[in-house]
Amino acid sequence: MHFVSWRPSWGQPLILGTILSLVFAVSAQAEVRSELRLSSDSFLSPSYDTAGPSTAQFFGAAFSNLDPAEPLRVDLRGAYSSGSPLMSYINVREFAYTSPIGEKQSFSVGRKKENWNELDRRWNYGLIEPVFKWNPLSPESQGLTGLFWNAGEGDFKVSLFGSFFFIPEQGASFEIDSDGKFVRGNPWFRRPPDSIRIFSTTSQIEYNFDR
């Protein structure tokens with residue numbers, strides 16, 4: 001069974017080695033961009049199973065249309081690894097439709113990014129908006145999903161957001177074996193700890209994933 005994690009992963013990520021990539025990009029205008037990418041990632045870490053593959057090849061694609069004059073705002077990215085399927089990912093940063101209301105107001109529906117705070121905008125902290133953490137060393141902010149109302153112009157702007165659900169941060173994909181245990185199949189995914197230390201006593205942690 002293969003799963004895509006939409007919850008925070010445990011621990012710190014492994015070390016990413018050299019990346020070799022070839023990028024083909026086509027830009028129709030400054031705010032519209034499409035991209036095809038071939039890349040190879042090598043992972044180096046003493047905790048990674050050296051008996052398994054330590055290099056993964058990717059075929060990736062991206063499309064973005066962030067032109068404020070266009071009603072449909074799109075920022076999609078993804079990559080597929082044939083040799084390591086767990087390394088594949090889809091990152092939907094934005095996918096929203098905006099309809100203007102008069103000259104200074106607009107209504108949007110979908111997944112959309114806003115400048116709610118400086119920590120999220122500059123450092124991708126994930127205080128309000130979810131974060132894409134397929135590679136925890138390079139987090140990327142994702143938009144909230146729901147209904148948006150914006151009013152104002154220039155330096156003054158009011159934004160309201162409402163939704164019945166929240167999509168949490170997206171972590172690395174993982175795999176579960178037949179016994180309901182997490183297995184090592186993605187260098188970016190960290191399994192839950194097998195033991196816990198309380199004062200001077202170490203106790204084993206037993207867990208089982210029940211689908």
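This passage describes the fold, the largest pocket and selected residues of a predicted model.

The secondary structure of the protein chain consists of one helix and 15 strands. Of its 211 residues, 34% are buried. Among contacts in the chain with a separation of 6 or more, 48% are between residues 24 or more positions apart. The chain exposes an area of about 13,500 Å², and carbon and sulfur atoms supply 58% of that area.

The largest pocket has a volume of about 790 Å³. Its lining comprises 35 residues, of which Arg73, Lys112, Glu114, Asn150 and Lys157 are the closest to the pocket centre. Two or more lining residues come from each of S6, strand S7 (105–112), helix H1 (118–123), strand S9 (140–141), strand S10 (144–153) and strand S11 (156–162). The largest share is that of S6, with five residues. Divided by class, the lining of this pocket contains 15 charged, 13 polar and seven nonpolar residues.

Strand S6, which spans residues 89–101, includes Glu94. The relative accessible area of Glu94 is 4%, so this residue is classed as buried, the cut-off being under 20%. Its side chain takes part in a polar contact of 2.7 Å with the side chain of Arg73. Arg73 is also one of the residues closest to the centre of the largest pocket. In addition, the side chain of Glu94 reaches the backbone nitrogen of Lys113 at a distance of 3.2 Å. When neighbours within four places in sequence are set aside, the residues in contact with Glu94 are Leu66, Arg73, Val74, Asp75, Leu76, Arg111, Lys112 and Lys113. One of these, Lys112, is likewise listed among the residues closest to the pocket centre.

Arg37 is located in strand S3, which covers residues 32–44. With a relative accessible area of 36%, Arg37 is partly exposed, because this value falls between the limits of 20% and 50%. A polar contact of 3.3 Å links the side chain of Arg37 to that of Glu35. Arg37 and Phe58 are 21 residues apart along the chain, and their C-alpha atoms are separated by 7.8 Å.

Positive phi angles were examined at two loop positions. Asn124, which is not a glycine, has a positive phi of about 55 degrees. This residue is in the loop between H1 and strand S8 (131–132). The relative accessible area of Asn124 is 22%, and the residue is therefore partly exposed, as the value is not under the 20% cut-off for burial. Phe199 is not a glycine either, and has a positive phi of about 60 degrees. The loop that holds Phe199 runs between strand S14 (195–198) and strand S15 (201–204). Phe199 is classed as exposed because its relative accessible area of 81% is over 50%.

Note on methods: Residues numbered from 1 in each chain as written. Predicted model: local features only at pLDDT ≥ 70, side-chain atom pairs only at ≥ 80, totals over all residues. Heavy atoms only, no water. Helix = DSSP H or I, 4+ residues; strand = E, 2+ residues; numbered from the N terminus. Buried < 20%, exposed > 50% of the residue type's maximum accessible area, 1.4 Å probe, protein only. Polar contact = N/O pair within 3.5 Å; in protein donor to acceptor, adjacent residues only side chain to side chain. Contact = heavy atoms within 4.5 Å. 1 Å grid on protein atoms, 1.4 Å probe; cavity = no way out; pocket = protein on both sides within 12 Å on 5 of 7 lines; lining within 4 Å. Points joined across faces, edges and corners; volume = space filled by probe spheres on them. Nonpolar A, V, L, I, M, F, W, Y, C, P; charged D, E, K, R; others polar. Areas by Shrake-Rupley, 256 points an atom, 1.4 Å probe, with all protein chains shown as cover.
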